[in-house]
Each structure stands twice: as structure tokens, then as C-alpha cells.
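Grab a pencil and have a look at the model below. The exercises start with the whole fold and end with single residues, and each one comes with a worked solution.

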Amino acid sequence: GGIDSALVAYIASQALGPQNVVGISLPSIYTNSQSKKDARELALRLGIKFIEMSIEKPLDTFLNLLEPFFYEKEPDITEENLQARIRGIILMAMSNKHGYILLSTGNKSEIAVGYSTLYGDMCGGLALIGDVLKTKIFDICRYINKIEEKEVILESIIKRAPSAELAFNQIDLDSLPPYEEIDSIIEGYVENSLSVDEIVEKYCIQEETVLNIINKIYSSEYKRRQGPPILRVSRK
């Protein structure tokens, strides 16, 4: 139901034919009803097979199993990551059983700053859009609708605020700066080797924010080393 998944599904259906693509929706109690609706509608418009499996029961099972060992610990990112990893288990099981290749849907912005879960949404055999910045994902989806001369990727997907939907009313802006700032820093630092001062001056972003994102880029290297191969489309 998210924009990254939508773009990956579109590219896969164009490259392989829709008859060779399976879209799997894995909603939890935190998944917005609009996201579930959008996922079904997108699959219909692309002509790909669609499967929906709720992860609510396996999540409850894991939480009950771990409860005695999480004693007096408040819920935190652990429970959020658990959802992503349950999804990863299911998707890899489908890959194993049917001989599918699982396409990772992480974008360059998320992969750069570590806004992804090892053994969860990072599972996959190939990261199709792993070198595409989040802001460019939106541009590409609008471009697709333009060249197709119809709304292939739903406007409701394009317009919705980015969210991992791992907690109630969660959006990416709760824990990250705006993607426009993140992408400018990644473009300046990673792709063009600009200094912190040069990025601050060129993009009018506070130094504290620039340093924070650069720190996240370095501290997330261990994740990138364990992720699927990425199709390179940028300078770096």
C-alpha cells in the first residue's frame, strides 16, 4: 500500500509481465484501512496476483512468548521491528516454496540512514529502488501516470504521508527530518562529496541536522553490508 512497494510492483510487472508478479499484503492492527484498500486496487490496476495475509496472530504469539523476558520493559522499537521480521519470514517462506525472487522495496534515503529492519523489510534477492532517493520516488510515480496517461499508481498512495505503519498514527516525520532535507544531504555528501559546511550553505539546512544524518549514514553501514544487491542508477 506504500509508494515504494507500488513503484517496485510497477517496475516488476513492466519488466517480467504482470502474470509473473505476486503482490503480498501483510497487514497488522496498525495498518491503515486506506493502505489495505490501495494495495488491492494497485494490484488490480497492474494485473498482478494479489495475496493478503494478516500478521496479527503471529505477532500476538511472539509477544506472548517474549512477555516473561520483556518484564518491566516498556514497548519500544523492538515491537516495531518484530512486525517487520515476521513479514520477512513469511515473504522468504513464499520465496522458498514457490521459487520466487523477493524484491526489496527499500529506497536510497531509508537505506542510507538505516530506516530499515535487518531480517525484516531488508529481506530480498534484489533491491530495485535502493539507489533512488525518496523524493525522486514521488517524481517517478507521477511521471509513470503521465506517460501511461492514466492513474496507474493511485493518487492516494502518492499523497499519503510516508509511514512504516508499525504503530498507531505513525509517520516517518516522527523520527526523521523531512525527506527533502535528508535527500539533499545524501546527494551532497554521498554523491557529490561535499563538506558539512558546503551542504549547509548550498541547501540551507541546519548544521545539526546535516551532522545527524551523516552520523546515521556511517552508523548504518553494518545494515547495508547485509542487504540485497542494489541496482545502481546514480553516480554513487
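## Exercise 1: the overall build

The protein has eleven helices and four strands, where helices (H or I, at least four residues) and strands (E, at least two) are DSSP runs, numbered from the N terminus. This is a predicted model, in which local features need pLDDT of at least 70 and side-chain atom pairs count only at pLDDT 80 or more, while totals for chains, interfaces and linings use all residues. Residues are numbered from 1 along each chain as its sequence is written, and side-chain values use heavy atoms, with hydrogens and water left out.

**Task.** Work out how compact the protein is for its 236 residues.

**Solution.**
1. Start with the radius of gyration, taken over C-alpha atoms, and the globule rule, which is 2.2 Å times the number of residues to the power 0.38.
2. The radius comes out at 18 Å, close to the 18 Å from the rule, so the protein is as compact as a globular protein of that length.
3. Now the outline: along the principal axes, the C-alpha atoms fill a box of roughly 55 × 50 × 30 Å.
4. Next, burial (buried is under 20% relative accessible area, exposed over 50%, partly exposed in between, with a 1.4 Å probe and protein chains only). Of the 236 residues, 43% count as buried.
5. Then contacts, meaning heavy atoms within 4.5 Å. Take those between residues at least 6 apart in sequence: 75% of them join residues at least 24 apart.

## Exercise 2: the nonpolar cores

**Task.** Find the largest nonpolar core and say which elements give two or more residues to it.

**Solution.**
1. Pin down the term: a nonpolar core is a set of buried Ala, Val, Leu, Ile, Met, Phe, Trp, Tyr and Cys residues joined through side-chain atoms within 4.5 Å.
2. The largest one has 24 residues, and Leu-42 and Ile-153 have the most contacts inside it.
3. The elements that give two or more residues are helix H1 (3–16), helix H2 (33–46), helix H6 (134–148) and helix H7 (155–159).
4. H1 supplies the largest share, seven residues.
5. Zoom in on Leu-42: leaving out residues up to four places away in sequence, Leu-42 touches Ala-6, Ala-9, Val-152, Ile-153, Leu-154 and Ile-157.
6. There's also a second, separate core of 17 residues, which includes Ala-112, Leu-176, Tyr-203 and Ile-205.

## Exercise 3: Leu-46 in its helix

**Task.** Is Leu-46 buried or exposed, and what is it in contact with?

**Solution.**
1. Leu-46 lies in helix H2.
2. Its relative accessible area is 10%, so Leu-46 is buried.
3. Setting aside neighbours within four places in sequence, Leu-46 is in contact with Ala-9, Tyr-10, Ser-13, Pro-18 and Val-152.
4. Leu-46 and Gly-17 are 29 residues apart in sequence and 9.6 Å apart in space, C-alpha to C-alpha.

## Exercise 4: two more residues to place

**Task.** Where do Pro-27 and Ser-109 lie, and what does each touch?

**Solution.**
1. Pro-27 lies in the loop between strand S1 (22–25) and H2, and is buried at a relative accessible area of 5%.
2. Beyond four places in sequence, Pro-27 touches Lys-36, Glu-52, Met-53, Ser-54, Ile-55, Glu-56 and Arg-87.
3. Ser-109 is in helix H5 (residues 108–113). With 0% relative accessibility, Ser-109 counts as buried.
4. Again leaving out residues up to four places away, Ser-109 touches Val-132, Leu-133, Lys-134, Tyr-179, Ile-182, Asp-183 and Ile-186.

## Exercise 5: positive phi and the chain end

**Task.** Describe the settings of Ser-193, Cys-204 and Arg-235.

**Solution.**
1. Ser-193 isn't a glycine, yet has a positive phi of about 55°. Ser-193 lies in the loop between helix H8 (179–191) and helix H9 (196–203) and is exposed at 55% relative accessibility.
2. Cys-204 is another non-glycine with a positive phi of about 55°. Cys-204 lies in the loop between H9 and helix H10 (207–219), exposed with a relative accessible area of 69%.
3. Arg-235 is in the segment after helix H11 (221–224) and counts as exposed at 61% relative accessibility.
4. Residues up to four places away aside, Arg-235 touches Glu-191 and Asn-192. The C-alpha atoms of Arg-235 and Glu-187 are 9.6 Å apart, with these positions 48 residues apart along the chain.
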